[in-house]
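Work through the exercises below with the sequence and the 3D view side by side. Try each task before reading its solution.

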Amino acid sequence: MKKSKSLFSLAAVLLIGGLFSFTETASASETDSFKEEVGDLFVKIPYAKSEVYVQEVETNDPSIEQINVYDKDTNELITEISVQEVETNESITEISAQGRLSSARNYVQREVSQSTGTGYGKAYLKARLEIYSSQSFREIKGIQGTWWEIGSSFSNIEQQNSNGISTTGKFPTTQVNISGATTLAAETTQDMTAGFEKAGFSISGGFGSKYYARKNINLSYEYSLY
């Protein structure tokens with residue numbers, strides 16, 4: 001009997017230890033991202049706060065709110081994140097069967113943008129969200145479009161795809177995920193190949209003094225109302 005009790009006690013200790021270990025791991029993973037407010041939206045920053053710092057950026061356009069995320073160790077720019085108010089006069093008014101005004105729905109649009117890469121290979125993944133707002137209540141009614149834009153004069157977008165989904169699986173929602181992939185390409189010279197390689201491009205030789213640089217990019221980010 002003593003041996004059985006000892007085995008039982010050992011199993012209990014291991015189980016409790018395992019639960020504590022799982023709890024610590026879960027808590028640690030929760031600190032690997034945080035939210036930042038940009039305009040009237042929140043964006044998820046997929047880094048630990050100890051690894052990066054965030055700066056607000058003054059833009060020449062009052063309709064745009066922007067933050068930049070930097071690496072704390074190197075001070076290198078990781079991404080530029082912005083939210084732009086889009087002009088729209090769309091308004092829907094609902095009237096009850098008795099002819100009385102029952103509700104008024106005001107819709108606003110926001111163009112969200114996040115950059116990836118710097119210098120020789122910079123691109124922006126963008127989306128346009130339609131948001132319904134009534135006093136303190138808000139919800140994202142849908143995503144009107146997603147697309148890539150080039151952010152560097154050294155390269156061009158060779159091919160691209162992008163998509164936006166509700167994280168709850170349906171609309172309306174309070175949070176969306178925007179994702180996409182693209183290939184940046186450039187025809188360059190031998191003198192510039194070092195810069196492209198530093199920016200993560202692969203280099204291939206062509207005819208004569210021509211060289212070709214290509215870089216595949218994947219990006220995914222989340223915007224939410226709260």
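**Exercise 1: backbone angles**

Task: place glutamine 135 and describe its backbone and its exposure.

Solution. Glutamine 135 lies in the loop between β8 and β9 (137-150); strands (E, at least two residues) and helices (H or I, at least four) are DSSP runs, numbered from the N terminus. The model is predicted: local features need pLDDT of at least 70, side-chain atom pairs count only at pLDDT 80 or more, and totals for chains, interfaces and linings use all residues. Residues are numbered from 1 along each chain as its sequence is written, and side-chain values use heavy atoms, with hydrogens and water left out.

Next, take the angle: phi of glutamine 135 is near 55°, a positive value in a residue other than glycine. Most residues other than glycine have a negative phi. Last, glutamine 135 has 80% relative accessibility and so counts as exposed (exposed is over 50% relative accessible area, buried under 20%, partly exposed in between; 1.4 Å probe, protein chains only).

Task: do the same for asparagine 75.

Solution. Asparagine 75 sits in the loop between β4 (64-71) and β5 (77-86). Its phi, near 65°, is positive too. With a relative accessible area of 48%, asparagine 75 is partly exposed.

**Exercise 2: a peptide bond**

Task: state whether the bond from phenylalanine 171 to proline 172 is cis or trans.

Solution. Omega is near 0° there, and the bond is cis. Most peptide bonds are trans. Proline 172 belongs to the loop between β10 (156-166) and β11 (175-188).

**Exercise 3: aromatic rings**

Task: classify the pair of tyrosine 120 and phenylalanine 196, and say which parts it ties together.

Solution. Start with the rule: rings of Phe, Tyr and Trp (its six-membered ring) pair if their centres lie within 6.5 Å; planes under 30 degrees apart are stacked, over 60 edge-to-face, and the rest tilted. By this rule there are seven aromatic pairs. Tyrosine 120 and phenylalanine 196 are 4.8 Å apart centre to centre, with 65° between the planes, an edge-to-face pair. Tyrosine 120 is in the loop between β7 (101-116) and β8 (123-134) and phenylalanine 196 in helix α2 (residues 193-198), so the pair ties together parts 76 residues apart in sequence. Phenylalanine 196 is buried at 1%, whereas tyrosine 120 is partly exposed at 23%. Ring pairs also link Tyr120 and Phe196 with Phe154 and Phe201 in a cluster.
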